[in-house]
There are 2 protein chains.
Amino acid sequence: MSWNAAETEGKILDLAESLIRKNGYNGVSFRDLASGVGVKSSSVHYYFPTKEDLGAKVARRYTDRFLNALGDPQDGPVTASEIVKKLHGLFVSALGSDGQMCLCGILAAESAGLPESVVTEAKSFFDRVSEWMTLSLSRTEWARNRSEEEIKAEALSALALLEGGMIIARVQNDPALLTTLRPQLAR
Amino acid sequence: MSWNAAETEGKILDLAESLIRKNGYNGVSFRDLASGVGVKSSSVHYYFPTKEDLGAKVARRYTDRFLNALGDPQDGPVTASEIVKKLHGLFVSALGSDGQMCLCGILAAESAGLPESVVTEAKSFFDRVSEWMTLSLSRTEWARNRSEEEIKAEALSALALLEGGMIIARVQNDPALLTTLRPQLAR
DNA sequence: GTCTATAATTTGATAGAC
DNA sequence: GTCTATCAAATTATAGAC
């Protein structure tokens, strides 16, 4: 039946996202995915002809969901503090209890050796989240006496702080560390 | 002759560091190292019996050099701004013109799937640099009316901002981006 | 859509000659 | 110390039956 197809494809995407966030792109194999989902590796190739194809689709889906969770900047928080809180909250819940990295963060770290389309999708995550932050901040009182460059720099530094915080929290095995960084974001 | 041994071992460590920073731990093979250095892979195993052994030694050497470049906190800059500038400068020169990641940053990102001793060494980098920052900042005027926790949080957030900045600079293919973040460090 | 079977390559690692 | 030779396992990917 047709819903089986979509279910297998979805399961593969879910597991691929989880495993890449845990081990990185080079730390995931088709057989890991196949055995985890309960099919053979040739079935994974049926949905995703190449690993590059799979990686790019996982990254695209991740970014789409992330921006969906952020919501429309025109209809979001109106203070800089609340905007930053929203972004921070998404990263904290992404790190979760099992210390999973941001998918595009780990892809970006590995990017020098990754297939082109995967890098393009990882880059797109930062472009889009950065744009969301810039648009959101632009609507606030905080932005009144600040230039476009200052606002963009603030958006970028918030993202950098959160990505770096995830990395450190993970290696220290201390998810609470990311929470600690919150006061550094609100200025 | 004996100096040949040291030379080969050093070349392997140099190349391993460079390749891990580019592709991550899982993106480097013994044959990559061997061909790059001009020996056979069995010779690489002669110096480093296992990949874990090699990874741990590369990380340890990287951290030792990094702290050596930072210098003795008792004998360093005395203003918070200069301390932050020194750390920032090291990261900027590490990123360099070819966009290489911080070795322990990429190892930390991959850490969930890495051998134990490699993770231990990556963790040690953040412990030691964080301690350097905390000790250095504690000696400044800036620290006078601040608690131990506040100082540690500042050290940690500076590190997080720089690691995250490297990641984003790399995927955006824009090393200057890390320079942009500098004003966010000085408070 | 999923399977079996398999190809072609790469990987980490070892044994033993020189 | 470096080599040749080799191994067992894992990797991405394809062909073709059901």
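A salt bridge is taken here as a side-chain nitrogen of Lys or Arg within 4 Å of a carboxyl oxygen of Asp or Glu. The structure is a predicted model, in which local features need pLDDT of at least 70 and side-chain atom pairs count only at pLDDT 80 or more, while totals for chains, interfaces and linings use all residues. Residues are numbered from 1 along each chain as its sequence is written, chains are lettered from A and ligands numbered from 1 in the order in which they are written, and side-chain values use heavy atoms, with hydrogens and water left out.

Over all chains, a search of the whole structure yields 16 salt bridges. One of them joins A:Asp127 to A:Lys123, with the closest N and O atoms 3.2 Å apart. Both residues lie in helix H7 of chain A, and because they are four residues apart, about one helical turn separates them. Helices (H or I, at least four residues) and strands (E, at least two) are DSSP runs, numbered from the N terminus. With a relative accessible area of 35%, A:Asp127 is partly exposed, and A:Lys123, at 30%, also counts as partly exposed. For these assignments, buried means under 20% relative accessible area, exposed over 50%, and partly exposed in between (1.4 Å probe, protein chains only).

In chain B, a salt bridge is formed by B:Asp53 and B:Lys57, whose closest N and O atoms are 3.2 Å apart. These residues belong to helix H4 (residues 51-70) of chain B and, being four residues apart, are separated by about one helical turn. B:Asp53 is partly exposed at 23% relative accessibility, and B:Lys57 is partly exposed at 40%.

The salt bridge between A:Glu121 and A:Arg60, with a closest N to O separation of 3.3 Å, links distant parts of the chain: A:Glu121 is in helix H7 of chain A and A:Arg60 is in helix H4 (residues 51-70) of chain A, 61 residues apart. A:Glu121 is buried, with a relative accessible area of 11%, whereas A:Arg60 is partly exposed, with a value of 47%. A network of salt bridges further links A:Asp14, A:Glu17, A:Arg21 and A:Arg61.

Two members of this network, A:Glu17 and A:Arg21, are also touched by A:Leu103. The latter residue, A:Leu103, is located in helix H6 (residues 103-110) of chain A and counts as buried because its relative accessibility is 0%. Not counting residues up to four places away in sequence, A:Leu103 is in contact (heavy atoms within 4.5 Å) with A:Glu17, A:Ile20, A:Arg21, A:Val58, A:Ala59 and A:Tyr62. The C-alpha atoms of A:Leu103 and A:Lys22 are 8.7 Å apart in space, although the two residues are 81 residues apart in sequence.

B:Gln100 occupies the loop between helix H5 (80-95) and helix H6 (103-110) of chain B. Its relative accessible area is 12%, so B:Gln100 is buried. The side chain of B:Gln100 makes a polar contact with the side chain of B:Ser18 at 3.4 Å. A polar contact is a pair of N or O atoms within 3.5 Å; within protein, one must be able to donate a hydrogen and the other to accept it, and residues adjacent in sequence count only if both atoms are side-chain atoms. Beyond its neighbours within four places in sequence, B:Gln100 is in contact with B:Ser18, B:Arg21, B:Lys22, B:Ala94, B:Leu95, B:Met166 and B:Arg170.

The contact between the chains takes 38 residues from chain A and 38 residues from chain B. Chain A and chain B bury about 3,200 Å² between them, of which 67% is on carbon and sulfur atoms; buried area is the accessible area (1.4 Å probe) that two parts lose on being put together, summed over both. Across this interface the rule finds zero salt bridges, but six residue pairs in polar contact, both residues at pLDDT 80 or more. On the side of chain A that touches chain B, at least two residues each come from helix H1 (2-23), H6, helix H7 (116-138), helix H8 (148-171) and helix H9 (176-180) of chain A. H8(A) gives the most, with 14 residues.

Chain A is superposed on chain B by a rotation of 180° with 0.0 Å of shift along its axis (RMSD 0.0 Å). The two copies are therefore related as by a two-fold rotation axis; superposition is by least squares on the C-alpha atoms of residues with pLDDT of at least 70 in both. The copies meet through the same surface, because 100% of the interface residues of chain A are also interface residues in chain B.
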